[in-house]
Amino acid sequence: EVEQEKESVYSSAQGFEGNNPQFDYRKPYSESGFSAEPSSKHQSDMADEWPNQNGPPLDSESMGGQFNEGWDNMYMPESTSSGFGMMSENENIAPKPEPYFPEPEPTGQYTIDDEEQESKYSEFPYEGVTPRGSVQEEDIFQFQEPRLSMTSEDYFNYSDPVQGEICPLAVRKVIKIMRYFSRVLSAMEPLAQQSGLVDALLYHMTKKPHSVDYEDEISSRVDAIAVVVNLACAEENKIMMVYHPGLLDAVINIANHDPIDEAREHAAIVLMNLAYAEENKVHMVNQDHLLDTLVHLLSDVSPFTRRYASAALFTLACTYANTAVMARHCDGGILEALRKVLLNDPIDEARVNAAEALFNMARNNSDDTVENMGNHPRLLASLAHSVLSDYSADVRAYSARALEWLSADIHFPMPCHRILLKALTTASQWTKTTCIAEALKMQASLSENRKPMVEHPGLLDAIATLSLLDGITDDEVKTCAISALERLSKEASTRHIMVKNEGVMTALTKATFANDGADDDFPDEGTPTALLMKTALKNLAEHM
């Protein structure tokens, strides 16, 4: 336990005679080590007794200089009464020299007297002039300007508004920081509105890379277009960005020609984000090469690029004014690209987007759109195939709904009517939705369609199969199919064909003698199903 003693002031006259524990570390060595007892020997006497290995004993003045030099470079922690950080009395600590020892005169630079020793430190940096008289070329302790790997003339060998040398590393880091900032929702609009920012990003997106800094330029270009992707997410920026001079053209150029997958992917996302704004849809479709670019991206090697390109197309197809333009573009080039994605793309999202794009085109159609879609080779058959075989429920649903909407506008004697009937016959095997049954019912509502429907191979059997469903979730599908049979029976010229179809007669008979209470739960335009079937049997009775 450390006892508290009265504070004594240490001075050059008192030496180590003070009793303040703060200065205990100044107590000298004894022969057996450090002792708490004060030594009777003076500091200079001890110095005289220390042996010198290299010669005669040193005098106190030279010895004091060595002591002073050593103690000036030593850090001694201050002791405390709590014991933490306090110097232990038994620690082997060198004594503090008397202040009367002379201080060495500071030299202006490091000097070496021995030539042999000097040769060992030939690389040691001298200030000003070296001992040999040569001028110092470089001081490693002074800040040096960053060196470029190329001259400014090589770096700016094309039309560049920037003058003077720049630090490519700093530029890359700034763009990277902007990429992170642009992810913040509240920062998207202020960043896009910042004067010159979009132009700066556009500059790096269109900058031609050099062989000496190819990898760095790729990184800057990818980061720049990634910032544009994030800025285009904000609704407030979509209209401004799509009309910004040169921006859309730069994105289209990257999407078509950039060798980096990530850059093309970002370009597809930009087009998709900008297409979500209703005010941009018509403007974008009428831009040169934009639709060609989306068609090109649908066959990209990157699955993400195909996914975003197909999403951009289904977004643009939500507007009535665009569907006709898209359907006839490049003689059905968009329809064919979507059809291939629908059948062959291994990515579920890409197939879903393609099916939704075709559904939007069928729903927001004009006469021109319907004709182009109906007459496009294998398009209706591909929709039916997706309804029947795709393992994605969303792909099946959108494909079936596309066929349903086309059935409302394709009628006899249109050349594609027969193709539609074949597609409906194939797709009727999937009974998880009412779309196909509704499409058959809609077709049978028009008198000009009834004869082609009855005479089409396999169609009556498909409707009869739907009419005989008895699952818990099949009631709506069953009701639509029975309604289609009742409407087909109104055509006198085809009744003899219907009477000879075993499936049709079985379905009508079973429905007629079904429980009336159960039938009342599934009316067709207010008419009980059983009454409809009795009406159909009455129409066919004279041909039985």
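**Close-up views of a predicted helical chain**

**Figure 1. His204 and its surroundings in helix H7.** His204 counts as buried because its relative accessibility of 12% lies under the 20% limit. The model shown here and in the following views is predicted. His204 is placed in helix H7, which spans residues 197-206. Leaving out residues up to four places away in sequence, His204 touches Val171, Ile175, Ser220, Arg221 and Ala224. One of these partners, Arg221, returns in Figure 4 as a member of a salt bridge with Asp258.

**Figure 2. The chain as a whole.** The protein chain contains 29 helices and 2 strands. Of its 544 residues, 45% are buried. Among contacts between residues at least 6 apart in sequence, 64% join residues at least 24 apart. The accessible surface of the chain comes to about 29,600 Å², and carbon and sulfur atoms account for 51% of that area.

**Figure 3. The largest nonpolar core and one of its central members.** In soluble globular proteins, nonpolar side chains tend to be buried together. The largest nonpolar core of this model has 120 residues. The members that touch the most other members are Met205, Leu290, Leu294, Leu316, Leu338, Leu403 and Ile463. Which residues does Leu338 touch, not counting residues up to four places away in sequence? The partners of Leu338 are Leu298, Leu313, Ala354, Ala357, Leu358 and Met361.

**Figure 4. Two salt bridges that involve helix H8.** Side chains of opposite charge can pair when their charged atoms come close. In the first pair shown, the side chains of Lys207 and Glu217 meet in a salt bridge, with an N to O distance of 3.6 Å. Lys207 lies in the loop between H7 and helix H8 (214-231), whereas Glu217 lies in helix H8 itself, so the pair ties together parts that are 10 residues apart in sequence. Lys207 counts as buried at 6% relative accessibility, and Glu217 is likewise buried, with a relative accessible area of 6%. In the second pair, Asp258 forms a salt bridge with Arg221, and the closest N and O atoms are 2.7 Å apart. This pair links distant parts of the chain, 37 residues apart: Asp258 is in the loop between helix H10 (247-257) and H11, and Arg221 is in helix H8. Asp258 and Arg221 are both buried.

**Figure 5. A salt bridge between helices H15 and H18, and a charged network.** The structure holds 13 salt bridges. In the one shown here, the side chains of Asp368 and Arg328 meet at 3.0 Å, N to O. Asp368 belongs to helix H18 (residues 367-375) and Arg328 to helix H15, so their pairing ties together parts that are 40 residues apart in sequence. Are these two residues buried or partly exposed? Asp368 is partly exposed, with a relative accessible area of 30%, and Arg328 counts as partly exposed at 44% relative accessibility. Elsewhere, Lys176, Arg179, Asp223 and Glu262 are joined into one network by salt bridges that share partners.

**Figure 6. The buried side of helix H12.** Helix H12 covers residues 278-285, and its buried residues are Asn280, Lys281, Met284 and Val285. Why do these residues lie on the same side of H12? They cover an arc of only 115° around the axis, which puts them on the same side of the helix. An α-helix has 3.6 residues a turn, so residues three or four places apart point the same way. The cover over the buried residues of H12 includes helix H9 (235-242), helix H11 (261-275), helix H13 (290-297), helix H14 (303-316) and helix H15 (320-328).

**Figure 7. Leu274 in helix H11.** Leu274 lies in helix H11 and is buried, with a relative accessible area of 2%. Its C-alpha atom is separated by 6.7 Å from that of Val242, a residue 32 places away along the chain. Apart from neighbours within four places in sequence, Leu274 is in contact with Ala232, Lys238, Met241, Val242, Leu248, Asn280 and Met284. Two of these partners, Asn280 and Met284, are among the buried residues of H12.

**Figure 8. The packing of helix H15.** The buried residues of H15 are Asn322, Thr323, Ala324, Met326 and Ala327. They pack against H12, H14, helix H16 (333-344), helix H17 (348-363) and H18. After H15 comes Cys330, which has a positive phi, near 55°.

Note on methods:
Residues are numbered from 1 along each chain as its sequence is written. This is a predicted model: local features need pLDDT of at least 70, side-chain atom pairs count only at pLDDT 80 or more; totals for chains, interfaces and linings use all residues. Side-chain values use heavy atoms; hydrogens and water are left out. Helices (H or I, at least four residues) and strands (E, at least two) are DSSP runs, numbered from the N terminus. Buried means under 20% relative accessible area, exposed over 50%, partly exposed in between (1.4 Å probe, protein chains only). Contact means heavy atoms within 4.5 Å. A nonpolar core is a set of buried Ala, Val, Leu, Ile, Met, Phe, Trp, Tyr and Cys residues joined through side-chain atoms within 4.5 Å. The arc is that of the directions from the helix axis to the C-beta atoms. Accessible areas come from the Shrake-Rupley method with a 1.4 Å probe; for residues, only the protein chains shown count as cover.
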